Amino acid sequence: MGSLALLLALCLPVSAQKARVIGHVQDKQSGSPLGFASLRLMQETDSQVVVQGLSAADGAFTLEALPGSYLLEVAFMGYQTAVFPDISLKSAADEADLGTIALELKALDIEEVVIEGEKSSMEFSLDKRIFNVGKDLSNAGSTASDILANIPSVSVDAEGNVKLRGSDNVRILIDGKPSGLVSFKGGSGLQQLQGSLIERVEVITNPSARYEAEGNAGVINIVLKKEKKQGFNGSFEVITGQPANYGASANLNYRRRNINFFINYGIFYRIQPNVGSLYQELYDGDTTRYLFQRSQGEMTGFNNNIKGGLDFYINDKNVLTASYMLRRSDAHRITNFTYEDYLLNTSNLSSITQRQQDETEDEPNSEYILSYRKNFERKGHELLADLRYLDYWENSDQTFTQSSTFGDGSPNPGQTLIQKALNDETEKQWLFQLDYLQPIGKEGKFETGVRSSFRDMTNNYAVTQQEKNGEWSPVLGLNNNFIYNENIHAAYGILGNSWKKISYQAGLRAEFTDIQTELVQTQQLNPRSYANLFPSAHLTWKLPQDHALQLSYSRRVRRPRYNELSPFVTYSDNRNFFAGNPDLNPEFSQVIDMGHLKYFEKASISSSVYYRHTRGKVERIRTVDEAGVASTLPQNLLSEDAFGAEFTATFTPFSWWKLDVNANFFRAITDGSNINANIGSDTYSWFARQTSRFTLPGNIDFQVRGNYEAPQLLPQGRRKALYYLDLAANKDLFKGNGTLTLNATDVFNTRRMRMSTTGEDFYTYSDSQWRRRQINLTFTYRLNQSKNAGKPRRNLDGDEGGGS
């Protein structure tokens with residue numbers, strides 16, 4: 001026993017005799033923290049590794065070691081490795097503070113021409129993944145919607161709706177804040193934003209309380225370009241493509257002393273052809289009616305996007321930013337429909353109807369932004385204020401011409417008509433938020449903030465039909481004025497710290513929502529108010545050998561979108577109506593995510609498993625009436641339980657080959673028995689994307705991307721597999737100041753949405769292609785800019801993608 005006590009007495013002091021090496025890793029150019037940088041503390045005599053670790057999400061690190069002489073190696077993918085020798089720890093009480101370690105992008109000298117190190121096309125930490133748009137050759141000449149379709153974990157359907165990890169309950173932000181582009185049309189509005197104006201896209205699958213609670217599947221933040229370098233610099237781009245895709249853009253910046261001016265402008269003209277078909281069986285006792293429907297259309301769009309403003313550096317601690325953004329879209333849409341109706345069997349033709357939609361659409365959209373940022377003496381101690389005003393308006397003027405004949409070829413006057421639809425939509429929104437960040441101790445932090453938004457929207461809708469006498473009369477039930485008023489107020493608090501290898505963060509967000517909808521002509525009011533708490537928690541564990549684990553939880557909400565509440569139908573296809581539901585309720589989700597991150601010398605891998613329980617799941621439900629006219633409306637189902645595993649990896653097997661892979665496997669159980677006992681699904685599905693980039697002789701880059709989405713069961717049917725291939729190549733010109741890019745998306749024209757839907761008295765199969773094969777040739781010229789701008793920077797107007 002005495003020997004054991006002596007042994008313990010000798011061992012305990014030894015285990016406690018450890019000194020510390022501390023510091024903070026950041027990007028040299030932008031000052032942004034580099035979370036999860038690889039750290040290796042080695043003996044100075046023989047370079048034997050003593051301790052390995054990773055920096056925290058904010059770039060801070062602490063390494064513990066016995067007294068001795070060491071050197072520290074700090075590495076981060078795409079950056080030059082930094083080595084710090086002569087670190088002397090003389091006793092257990094010693095602490096070597098290396099201060100701020102600023103890493104530089106890698107550089108390579110070839111024949112006396114300096115080629116600056118490239119940003120990786122994909123950068124990820126445990127809670128966020130960043131995708132640098134310019135590094136993906138397929139993005140040249142694309143829209144924001146096309147760019148999202150190229151991002152791992154994200155998919156975009158035929159109508160432009162965006163999904164994250166298979167769920168459309170995703171919050172889309174631009175520069176960290178809501179935008180009028182996605183207010184009315186959701187993700188499909190992103191087709192109006194030119195991709196050349198985008199710097200990067202951030203994907204956050206389980207956001208903290210800092211972010212608004214909207215978006216059950218997570219947040220996608222689109223960050224627009226903005227430079228802060230001294231002097232004058234910028235880039236210019238011209239595009240040509242087939243089908244017609246002509247455009248140009250300029251991103252300019254001028255900084256002198258304490259004032260920074262910036263302006264982005266993009267203009268493009270695009271023709272988008274589309275085709276579709278639908279087959280339907282309608283059952284009425286022993287009688288079956290058949291519909292064969294075909295559609296072919298073309299949308300011509302002319303879009304302008306401009307954003308300008310200035311940063312005023314009051315001093316090195318206080319910055320004021322003001323900016324203005326204007327987007328205008330003018331579109332002309334022609335769509336031709338053919339309906340063939342059969343009775344009893346597909347040989348007994350009863351009628352053929354031809355219908356044409358001719359639509360002119362104007363959409364101006366303005367955003368005014370005023371931001372203030374104060375940095376206190378201590379690093380990380382910040383105050384941010386943001387005030388925004390959004391002013392959006394859309395006018396749609398449609399004419400529908402229809403003619404019909406019976407099966408024997410004789411005229412069918414009852415289905416020969418001319419109709420007009422006028423639709424005026426407006427949105428005005430004020431948004432204010434205030435965020436405060438306070439460091440606590442050496443590695444802790446406290447964050448708090450408030451946010452208020454006031455949003456007023458109107459939709460004046462009228463459909464008229466020409467009578468035999470030439471006069472126009474209203475179509476019953478299709479004339480009204482829909483008013484939507486929404487006020488949301490929120491406050492949040494987050495407390496975080498770390499202990500040894502573990503860092504933790506807990507947050508709580510409170511939101512009060514007040515919504516009122518009104519149908520003016522029919523005097524239908526639908527007010528609703530609710531208050532909710534949204535807790536979140538993140539626990540990170542740094543493991544040996546450059547590993548890290550994170551466990552996170554959050555409660556999220558998906559409020560009904562405007563077009564899901566507006567009861568007005570889409571009238572272009574008068575056999576298939578889509579409308580909103582003013583009685584729709586929000587859905588709430590509990591989300592658990594466990595992620596793993598590992599860096600290798602030539603690769604990195606991020607993996608996660610997740611579970612999402614949703615109450616009041618919103619799904620569009622299709623019904624068909626006795627006349628064969630289908631209506632699709634959003635409904636609240638009972639619930640959905642989704643389980644999944646996701647893997648994202650980058651690998652550079654050779655200096656001339658870079659490989660990115662993403663795969664997501666999931667199971668989703670949806671219960672819609674509250675609507676109908678037959679509505680629901682239990683599906684296993686997956687989707688994968690692979691991108692290979694090759695560096696060829698002659699300074700040419702070549703890229704191949706394959707995309708595959710497996711079949712999936714839906715609450716009312718089944719979606720077939722979706723697959724397509726993209727190719728791209730580029731070459732630098734004019735000593736690296738210019739780049740010529742040729743790309744082809746959906747090379748084999750296979751990107752088709754094929755779905756079957758089943759109800760008690762009908763079966764429908766649809767096949768549509770809203771995006772055909774596209775070939776673009778793009779030339780980019782950079783003025784006083786490197787080909788690859790620095791790491792993502794934090795901009796005053798919300799570019800860091802956060803806030804309350």
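Arg 455 is buried, with a relative accessibility of 13%. In this predicted model, Arg 455 has a salt-bridge partner, Glu 486, and that residue is buried as well, at 6% relative accessibility. The structure holds 26 salt bridges and 20 aromatic pairs. Here is a friendly tour of some of these contacts, followed by a look at one sheet.

**Salt bridges**

- Between Arg 455 and Glu 486, the closest N and O atoms are 3.5 Å apart.
- Arg 455 belongs to strand 25 (residues 444–466) and Glu 486 to strand 26 (residues 472–499), so this bridge ties together parts of the chain that are 31 residues apart in sequence.
- Asp 330 and Arg 328 form another salt bridge, and their closest N and O atoms are 3.1 Å apart.
- Asp 330 has a relative accessible area of 21%, which makes it partly exposed because the limit for buried is under 20%.
- Its partner Arg 328 is partly exposed too, with a relative accessible area of 34%.
- Lys 658 and Asp 660 are also joined by a salt bridge, with 3.0 Å between the closest N and O atoms.
- In that pair, Lys 658 is partly exposed at 25% relative accessible area, whereas Asp 660 is buried at 13%.
- Salt bridges also build a network, which links Glu 214, Arg 509, Glu 511 and Arg 559.

**Aromatic pairs**

- A pair of aromatic rings is described by two quantities, the distance of the centres and the angle of the planes.
- The model has 20 aromatic pairs, and one of them joins Tyr 246 and Tyr 269: the ring centres are 6.4 Å apart and the planes meet at 5 degrees, so this pair is stacked.
- The stacked tyrosines link distant parts of the chain, since Tyr 246 is in strand 18 (residues 245–256) and Tyr 269 is in strand 19 (residues 259–284), 23 residues apart.
- Tyr 246 counts as partly exposed, at 39% relative accessibility, and Tyr 269 also counts as partly exposed, at 30%.
- Elsewhere, ring pairs connect Tyr 324, Tyr 368, Tyr 389 and Trp 430 into a cluster.

**Charges over rings**

- Lys 374 places its charged end over the ring of Phe 376, at 5.2 Å from the ring centre.
- Arg 751 lies over the face of Tyr 724, and here the distance to the ring centre is 4.6 Å.

**A polar contact in strand 18**

- Strand 18 also contains Asn 253, and this residue is buried, with a relative accessible area of 3%.
- The side chain of Asn 253 makes a polar contact of 3.3 Å with the side chain of Asn 260.

**An open sheet**

- Strands of a sheet pair through backbone hydrogen bonds, either parallel or antiparallel.
- One open sheet is formed by 3 strands in the order 30-34-33, with mixed pairing.
- Strand 30 (576–578) and strand 33 (618–624) are the edge strands, as each of them pairs on one side only.
- On average, neighbouring strands of this sheet are turned by 30 degrees against each other, with direction ignored.
- Strand 30 and strand 34 (residues 630–636) run parallel and are joined by 3 bridges.
- Phe 578 stands opposite Thr 632, a residue of strand 34.

Technical notes: Residues numbered from 1 in each chain as written. Predicted model: local features only at pLDDT ≥ 70, side-chain atom pairs only at ≥ 80, totals over all residues. Heavy atoms only, no water. Phe/Tyr/Trp six-rings, centres within 6.5 Å; stacked < 30°, edge-to-face > 60°. Helix = DSSP H or I, 4+ residues; strand = E, 2+ residues; numbered from the N terminus. Buried < 20%, exposed > 50% of the residue type's maximum accessible area, 1.4 Å probe, protein only. Lys NZ or Arg CZ within 6 Å of the ring centre and 35° of its normal. Polar contact = N/O pair within 3.5 Å; in protein donor to acceptor, adjacent residues only side chain to side chain. Salt bridge = Lys/Arg side-chain N within 4 Å of Asp/Glu carboxyl O. Pairing = 2+ DSSP bridges. Axes fitted to C-alpha atoms, helices over the stretch in contact; angles between N-to-C directions.
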